[in-house]
Amino acid sequence: MRDPLAGLDDEQRAAVTAPSGPLCVLAGAGTGKTRTITHRIAQLVAADLHRPSEILAVTFTNRAAGEMRVRLRDLGVGGVQARTFHAAALRQLRYFWPKVTGGEQVRPIVEQKLRLVGSAARRVGAATDVATLRDLASEIEWAKASLVTPSGYAAAVAKAQRDTPLDAEVVAKAFEAYESVKNDAEQLDFDDILLNTCAALDDDEQVAREFRARYRSFLVDEYQDVTPLQQRVLDSWLGGRDQITVVGDANQTIYSFAGASPNYLLNFDRRYPHAPVVKLERDYRSTPQVVSLANRVIAGTVGPTSRFRLRLRPVLPDGPEPVYTEYPDEAAEAAALAERCQALIAAGTSPAEIAVLYRINAQSEAFEQALAAAKIPYVVRGGERFFARAEVRQAMQALRVAARAGLDTPADGRAVALVPATRRVLRDVGLTDAAPAAGSLRDRWDALVALVSVAEDLAEADRTAGLGELVTELEQRAESQHAPTVEGVTLASLHAAKGLEWDVVFLVGLVDGTMPIQHAESPEEVEEERRLLYVGVTRARRTLHLSWALARAAGGRKTRRRSRFLNGLAPDALPMNRAGGRTAPGRCRFCGGPVRTPLEIKSGRCENCPSTADPELVDELKAWRKNLAGEKSVPPYVVFTDATLYAIAERCPTDDAALLAIPGIGRSKLDLYGADVQRLVVASVQRATASVPTAEKISVRTSG
Ligand code: ATP
Ligand code: MG
């Protein structure tokens, strides 16, 4: 096991080493809360305060739980459960329910909820269109998460001043009908899993005793998003004990609409007056430029979470300023994004280190299309689950059979290392040495390679791990749907991005009506949207692009406005289109950062900002140069060096002054080649404006 105290600052260490009683860590994004909670788990084990099997770590999304498990494994801690509330409760329920009921199995989980809600709505004479059913379903979820019964619904809505699209009486009736339809179908919904877990623990002493002997320490990440129902489960788990560690950031509360409340986090010290409260301020994730923007986004907040104003303090070296770009329409926004991704990948950024984050899932389509057209691999978080895919199921089966047959431990007693053993098994289901060309074979291959990388991680963490351990690890991941990362740009909603981080983040679609979302009307709802933007900004380690489009359809009317949250942050339109932007000497024309190398100086672009050169123009310029050099019997670089050539393609100079502004082009070269170059550039710009109206696109640097 690695030293749990290594790689921590003083405050983090104080939290990690606090006694096993209650502890609260209140801190902003990227300050190391998740690191602290995982190291604390390691420390509880290392200091012999708890056995790994007594510890239960919970969080809210499968992805976050998966992230915690990976970090625990990297620390060399095995046997600790890290799950979502639901997964943990379901597991417990499966074990305890037969005991509570004298042999009954847990009912199956509702799969088609809208259908049940539909029957309920019909029964009470409510509308049954999909939009209404969705609204009904989310109201029922909110009510159950808030521990509200059908008869208490109307009063609870009034008390919470909840803005609901439906009449409270209608919802209450439909809610009641839904419960009975569901019971008749002998099914459980997700909230029932939690409710029944509480019931089993609260009502059955024997079950409670057994549970409490088994689990002795509880840790909750992202505690700002706990609902009253989840808090109830936590209380049942604890049963009056106080071995509870919570970490959270009130500024990242993004599930209030579903009943979550940061008050449990903010009032933890009242409930446990003897609990140490640790605050972390140093942001280890992001550059000062990103941190500064994050601080400014959240500074505008009002309401209950503003009581807890936290400023993040940057500690990392400088990076590029965030880049703001306005586009005429969504297609142009998506096309430019794909272009930037291409440039980043060409310059060595791994696609897995790039994320495109949006407010609602439906926004992904335009970006998926653009990335696919540019042949850039991507993964949609919340797309088809990795472990549901046929090739993955087949591969797992092959691994299971091989593990059972002991393929990695042959009779001569010399074990085969896990990674080669895995490769050998997967070869039979289609793993080849070289990647096949695009298509379904390639998809299968990518999936198999992803499984090999799980084996690699596992072998690294535990050198004695064999195929059996690999199968267990994969099954655990499958259960929680935590797909291994297939190398690709991540497309995800802001909600799904919580807790995660990437080198490069694109926040797209930042227009009023989407961010904040149209239906956020009350000040509280608008504040939740602001926190979502804060979550988005704080996902970036280094490079952050914020963009919006003025029209939805290409060529459509420009009726949209930039998100109000960017007022005062994004500069007001400073047109700097690529056909002739003004550049301050020594500064990158995109981010305003310093330019140092000859190539950076020539192109007026720092290496962090992707190239905007039109590849066709580059080819044309090269052909022209080759011709000319041939005519003059000189080497091509005598005409223009590569750096100058690329600088021309990037900066698209269309007049003499713009040409002279490119270092390396003086009067004599202007006289010799100026006319030719401008002719080629103008043709390229015209081409670009004809396909996507690029000339309207502006790219400006932040003011602060
Ligand atoms: P979020 O609020 O977004 O969930 P967090 O507070 O949980 O963020 P972590 O994910 O734990 O933050 O840490 C952010 C990044 O900073 C991670 O890459 C982590 O490894 C790194 N980090 C945290 N603490 C330290 C430290 N003391 N030294 C170096 N790096 C650190
Ligand atoms: Mg975290």
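**Strand E14, its neighbours and a second sheet**

Let's start with a single pair of residues: Glu-326 sits opposite Trp-548 of strand E14. Keep in mind that what you're looking at is a predicted model. Glu-326 and Trp-548 face each other where strand E9, residues 323-329, pairs with E14 in the parallel sense, over six bridges.

E14 has another partner to look at. Strand E13, residues 502-507, runs parallel to E14 and is joined to it by five bridges. To find the spot, look for Phe-506, which stands opposite His-545 in E14. Getting from E13 to E14 takes the chain through helix H21, residues 523-537, in a right-handed β-α-β crossover.

So how well is E14 covered, being largely enclosed or largely open? The strand covers residues 540-551, and ten of those twelve are buried, so the rest of the structure largely encloses it.

Now for the crossover helix. Its length is easy to check: with 15 residues at 1.5 Å a residue, H21 should span 21 Å, and its end C-alpha atoms are indeed 21 Å apart. H21 is also largely enclosed by the rest of the structure, because twelve of its 15 residues are buried. Pick through them and you'll find a mix, including Glu-527, Glu-528, Glu-529, Arg-530 and Arg-531 as well as Leu-532, Leu-533 and Tyr-534. What do the buried residues of H21 pack against? They lie against helix H14 (288-299), strand E10 (354-358), and the two strands that H21 links, E13 and E14.

Next, move over to another part of the model. Here six strands make an open sheet with parallel pairing, and you can read them off in the order E3-E2-E4-E5-E1-E6. Strand E3 (81-84) and strand E6 (277-280) are the edges, each pairing on one side only. From one strand to the next, the twist averages 15 degrees.

Within this sheet, take strand E4 (residues 217-220) and strand E5 (residues 244-248): they run parallel, with three bridges between them. Phe-218 stands opposite Ile-244 in E5. Helix H2, residues 33-46, packs on the sheet and touches strand E1 (23-27), strand E2 (55-59), E4, E5 and E6. The direction of H2 makes about 170 degrees with that of E4.

Helix H4, residues 85-101, is worth a look too. H4 lies across E2, E3 and E4, and runs at about 110 degrees to E3, one of the two edge strands.

Key: Residues are numbered from 1 along each chain as its sequence is written. Chains are lettered from A and ligands numbered from 1 in the order in which they are written. This is a predicted model: local features need pLDDT of at least 70, side-chain atom pairs count only at pLDDT 80 or more; totals for chains, interfaces and linings use all residues. Side-chain values use heavy atoms; hydrogens and water are left out. Buried means under 20% relative accessible area, exposed over 50%, partly exposed in between (1.4 Å probe, protein chains only). Helices (H or I, at least four residues) and strands (E, at least two) are DSSP runs, numbered from the N terminus. Two strands pair if DSSP finds at least two bridges between them. A crossover is right-handed if, with the strands pointing away from the viewer, the path from the first strand over the helix to the second runs clockwise. The expected span of a helix is 1.5 Å times one less than its number of residues. Contact means heavy atoms within 4.5 Å. Axes are lines fitted to C-alpha atoms, for helices over the stretch in contact, and angles run from 0 to 180 degrees between N-to-C directions.
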